[in-house]
Amino acid sequence: MSQDLVHLVYLLAALCFILALKGLSTPRHARTANLVGALGMVFAVAIAFGDGRIGNVGWILAAIALGVIIGIPAARAVKMTAIPQMVALFNGVGGAAAALVALTEFLATTGNAGMRAATVFGVLVGCVSFSGSLVTFLKLQELMTTRPVILPYGRSTAIGVSVLCLGLAVAVVPTASTALVITLSVAGLLLGVLFVLPVGGADVPIAISLLNAFTGLAVAASGYVLGNTLLIVAGTLVGASGTLLTRMMAKAMGRSLTNILFGAFTPAAIGGDGGPAESRTVRTGTPEDIAIMLGYARTVVVIPGYGLAVAQAQHVVRELADLLAGRGVEVAYGIHPVAGRMPGHMNVLLAEADVPYAQLKEMEEVNPRLASTDVALVIGANDVVNPAARDQPESPIYGMPILDVDKADSVVFLKRSMRPGFAGIENELLFNPRTTLLFGDAKDSLSSLVTAVKQLA
Amino acid sequence: MTGEISLLTIFVLSVFVGFEVVSKVAAILHTPLMSGANAIHGVILVGAILVAGKAESTVELVLALLAVVFATVNVVGGFVATDRMLSMFSGKERRR
């Protein structure tokens, strides 16, 4: 096949990718844009078989089929609440693929010094992205603690491994040694783990976004090694847009990137001992008590969190809201930008459950109202209403904008247990005398509230 | 040398395009955008096919095929997951 035709199709695919990213940044055409991106990918993969002399076609097609058999059911079956960890996994395998491509090309032809530099970059960054993503997956899936993990001598070890990686990378360029490249891969895998372990709680999604950008850069480096323009364009696009997206997310949470990545290395940053819920008393209420508070309020603001989504309680909460509205109570939902597990995650979850859009209020809109709100009903959210973010500089979530629930006349918390939220820190608001707690699964608690409100006169 | 310079040119221009396309994204779309960008770096599949296609030793072939499987999972999983997320947003658009 003519090389010109192949490159034209690559250009077409690159355009599709740019349009896809552009379209994803506005809600209107986002879904179409995603399909355009997928179409570009189909073109690119199809034409790749005409790019030079491609052997082993049977094997390659079988491997693609295997990937499809694994990927599609996984992406379809995943619950919307589990999307962040799924993104982490997909990113991890992408990073592994980029590292493997660079490694294989290195074994086949060692190329010139420039190529070897790109190879070591691709291998190192791909490995970091792979192992780092696996750790973020384990954290989000709660297969390991979501809190920052501080190893003894963690900081010196991380610096040591970084220096080792750098040394190995520099040594590979003149020597083209296979043994050194393999050692570099192992060191890269280790570095990825050390890099993500100290990142805790609500900062994990930001780490995923950064690793996503890393994978993009590893892909671009592989593209340089192969002399393939499409990989360079697409990888760089993701690298650059991912870096910017990471910064925007960090900013939306009032965090600096250095603080997220290196904050936990400093002992002072580990606030809250997260031990068993102390001896201080909290005030709990029966569903009937709370129904009276809600039913006779003028204004109620519902603060949905991850706990609500996990319990699939969106429909019950709407039933409760409708009941209250029927009694003349003014109801709104206050949505924190990082409610759920990722920026924008709660909007996805509530949209899934058909909650009326007009009642959803962004943080900036709802915060001024909270001071004149009778009851703030917090359902399975914790970190996003924790006043420590405002007034405890030593807290790991200090600086994150929060919903000012503590300014409402009274606060009702529906919680499963006294276990701290995702960030693993205690919430002073739970011990406030104006706070009433109702323990239990969000769906059960809400159902009993619905029953109790119905029984009010 | 000119070949390498043109690759560098492509790289630098792509950086600017990358910054430009997401510079004004709304916070509610951060998650789908991250997932969409994630699917796009699955284009490494093209690279995996190219190295698998010219692999000569068994080691090279095995490594390259592993890359093909991983990259395919990245591509199809990324696009499907993004589409599912966005379908919920577009449902909302219709009802409004």
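## Salt bridges between the chains

Across the interface of chain B and chain A, the rule finds two salt bridges, in what is a predicted model. One of them pairs B:K54 with A:E105, where the closest N and O atoms are 3.3 Å apart. Another pairing across the chains brings together the side chains of A:R31 and B:D83, which meet in a salt bridge at 2.8 Å from N to O. Because A:R31 belongs to helix α2 of chain A (residues 30-48) and B:D83 to helix α4 of chain B, this pair joins two chains. When the search is extended to the whole structure, nine salt bridges are found over all chains.

Side chains of opposite charge can pair when their charged atoms come close. Here the cut-off applied is a side-chain nitrogen of Lys or Arg within 4 Å of a carboxyl oxygen of Asp or Glu, and the B:K54 to A:E105 pair, at 3.3 Å, is counted as a salt bridge.

## Extent and make-up of the interface

The contact between the two chains involves 79 residues of chain B and 97 residues of chain A. The size of an interface is often given as the accessible area lost when the parts come together; for chain B and chain A the buried area is about 8000 Å², with carbon and sulfur atoms giving 78% of it.

Between chain B and chain A, 16 residue pairs are in polar contact, both residues being at pLDDT 80 or more. On the side of chain B that touches chain A, the elements that give two or more residues are α1 (2-21), α2 (30-40), α3 (44-53) and α4 (58-95) of chain B, and the largest share, 34 residues, comes from α4(B). Sorted by class, this side of chain B has 50 nonpolar, 19 polar and ten charged residues.

## The parallel sheet of chain A

Chain A holds an open sheet of six strands, in the order β3-β2-β1-β4-β5-β6, and the pairing is parallel. Since β3 (360-362) and β6 (435-439) of chain A stand at the edges with a single partner strand each, one side of each is left without a neighbour in the sheet. On average, with direction ignored, neighbouring strands of this sheet are turned by 25 degrees against each other.

At one of these edges, strand β5 of chain A (residues 410-415) pairs with β6(A) in the parallel sense over five bridges, and A:L414 stands opposite A:L438 in β6(A). Helix α14 of chain A (residues 345-352) lies across β1 (299-304), β2 (330-335) and β3 of chain A, and runs at about 135 degrees to β2(A).

Methods:
Residues numbered from 1 in each chain as written. Chains lettered and ligands numbered in written order. Predicted model: local features only at pLDDT ≥ 70, side-chain atom pairs only at ≥ 80, totals over all residues. Heavy atoms only, no water. Contact = heavy atoms within 4.5 Å. Buried area = accessible area lost by both parts, 1.4 Å probe. Polar contact = N/O pair within 3.5 Å; in protein donor to acceptor, adjacent residues only side chain to side chain. Helix = DSSP H or I, 4+ residues; strand = E, 2+ residues; numbered from the N terminus. Nonpolar A, V, L, I, M, F, W, Y, C, P; charged D, E, K, R; others polar. Pairing = 2+ DSSP bridges. Axes fitted to C-alpha atoms, helices over the stretch in contact; angles between N-to-C directions.
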